[in-house]
Amino acid sequence: MIRVEQAHVQVAAVSHAGMSGKNNEDRYAVSAYQLGPDDPTPALVAVLADGIGGHRAGEVAAELAVETLSRSLEDSDGKKPLAELQNAVSKASQQVFAYAQSDMGRQGMGSTCACAWVIGSRLYTANVGDSRIYLLRGDSIQQISKDHTWVQEALEQGVITPEQVRGHPNQHVIRRYLGSPQPAQAGLGLYLNPGESEEQARANQGMRLHPDDILLVCSDGLTDLVENEEILATLRSQPLDQAVQGLVDLANTRGGHDNITVIGIHIPPPPPHPVSKARRWVRSIFIGLIVLLVVVGLAAAALQFVRWREAMQPTPTPTLTPVPVLTSTPRQLPGEATLAPTFTPTSRSTSTPERTSTP
């Protein structure tokens, strides 16, 4: 893989020594990549290690584990994630064991580890010991790694009940760690549902992450003191960087008896697809045609309405205009007498007018 500067997911991480005064033996690394020069698929590797052993041996083991795991995965191409995770865990375990054998004061040192590898939108995980990986999806939280501890084995075999786990004297007795004489086997189960077998959990590897999912990788300094429901409420109510710091502060207010390391990974919504100039031009023409059709339709509807209103109005009755009676004066020839009718009015009776002639 090729290292890049910007991760394709949001990441926040905090590591604190706790309140007991001991050295911080936790180590972590978060690295962003693309798979290859011809493959721009983004990838993110988050690795956490919790060292075991006194006299500063634990922090040396944890740092060696983180460095070996990160370098081994960086040298891979991401084609076979589970095989590459197992190979990286084996190499880290051998490196820690060899370093311990070279110095008598560091014999017996070791480290837990938890690794989340996000390739594109798919998740692959591996863990050894009691460092954990959680998945927050919606309003639920699920531990997707399985502890390699005495308590976990006793719980599965029915020796103890879930109520007896917290505070049990063997709670921190781990069964598997990096630096053991035999290279540690990575836990490759990704447990999405309670009661899943190891085979079922392994088949979940490569699951597709959803927008707004949150992955939490943490050491037992957090989970010993903070309940799952409190982790969920904190991460869903605050921005990621503030929530991660808030979880560490909460563990410290309750005693902080161990080192506390928290890595939060938030899956953002996908970016909008860019629209090309040609598509924008076609879209503009299409919208313009729709607007034109709407305007023409409205104009036609308005014209039809006007015609309908005119047709519904009553036809006015025509008014008869009296025609004037034309009279003409008879033509008079020279030497002729003009006959003019003379009317003599009488009351309520009529008579034939007398005819007179004027010379």
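Strand 11 is covered on both faces: Ile214, Leu216 and Cys218 on one side and Leu215 and Val217 on the other are all buried. Buried here means under 20% relative accessible area, with exposed being over 50% and partly exposed in between (1.4 Å probe, protein chains only). Five of the five residues of strand 11 are buried, so the strand is largely enclosed by the rest of the structure. Strands and helices are DSSP runs numbered from the N terminus, with at least two residues (E) for a strand and at least four (H or I) for a helix.

A word on what you're looking at. This is a predicted model, where local features need pLDDT of at least 70 and side-chain atom pairs count only at pLDDT 80 or more, while totals for chains, interfaces and linings use all residues. Residues are numbered from 1 along each chain as its sequence is written, and side-chain values use heavy atoms, with hydrogens and water left out.

**The sheet around strand 11**

Strand 11 belongs to an open sheet of five strands, ordered 2-12-11-8-9 with antiparallel pairing. The edges are strand 2 (10-16) and strand 9 (140-143), each of which pairs on one side only. From one strand to the next, the twist averages 15°. Two strands count as paired if DSSP finds at least two bridges between them.

On one flank, strand 8 (residues 132-137) pairs with strand 11 (residues 214-218) in the antiparallel sense over five bridges. Leu135 has Leu215 as its bridge partner there, and Ile133 stands opposite Val217. Strand 12 also pairs with strand 11 in the antiparallel sense, over five bridges, and in that pairing Leu216 stands opposite Gly264.

Which strands does helix 6 lie across? Helix 6 (residues 228-237) lies across strand 8, strand 9 and strand 11, running at about 55° to strand 8. Helix 7 (residues 240-253) packs on the sheet too, touching strand 2, strand 11 and strand 12 (260-266), and its direction makes about 20° with that of strand 2. Contact means heavy atoms within 4.5 Å, and the angles, which run from 0 to 180 degrees, are taken between N-to-C directions of lines fitted to C-alpha atoms, for helices over the stretch in contact.

Just before strand 11, have a look at Asp212, in the loop that follows strand 10 (207-208). Its phi is near 80°, a positive value in a residue other than glycine. Asp212 is partly exposed, with a relative accessible area of 41%.

**Strand 4 and its partners**

Elsewhere, strand 3 (residues 26-36) and strand 4 (residues 39-52) run antiparallel, joined by 10 bridges. A hairpin takes the chain from strand 3 to strand 4 through two residues, and Ser31 stands opposite Val45. Strand 4 also pairs in the antiparallel sense with strand 6 (residues 113-119) over six bridges, with Leu48 opposite Ala114. Then there's strand 5 (residues 110-111), which pairs with strand 4 in the antiparallel sense over two bridges; here Gly51 stands opposite Ser111.

**Salt bridges**

A search of the whole structure finds 12 salt bridges, each being a side-chain nitrogen of Lys or Arg within 4 Å of a carboxyl oxygen of Asp or Glu. Here are some of them:

| Acidic residue | Basic residue | N to O distance |
|---|---|---|
| Glu63 | Arg27 | 3.5 Å |
| Asp147 | Arg132 | 2.7 Å |
| Glu227 | Arg166 | 3.3 Å |

Glu63 lies in helix 1 (residues 57-74) and Arg27 in strand 3, so this pair ties together parts that are 36 residues apart in sequence. Glu63 is partly exposed at 44% relative accessible area, and Arg27 is partly exposed at 23%.

Is Asp147 buried or exposed? Asp147 is buried, with a relative accessible area of 9%, and Arg132 is buried at 19%. For the third pair, Glu227 is partly exposed at 37% and Arg166 is partly exposed at 41%. Salt bridges that share partners also join Arg27, Glu59 and Glu63 into one network.

**The outside and the whole chain**

Phe286 sits in helix 8 (residues 277-312) and is exposed, with a relative accessible area of 53%. Together with Ile287, Ile290, Val291, Val294, Val295 and Leu298, Phe286 makes a nonpolar surface patch of about 660 Å². Patches are made of residues with over 30% relative accessible area and no salt bridge, joining like charges within 9 Å and nonpolar side chains (Val, Leu, Ile, Met, Phe, Trp, Tyr) within 5 Å.

Overall, the protein chain has eight helices and 12 strands, and 39% of its 359 residues count as buried. Its accessible surface comes to about 21,500 Å², of which 56% belongs to carbon and sulfur atoms. Accessible areas come from the Shrake-Rupley method with a 1.4 Å probe, and for residues only the protein chains shown count as cover.
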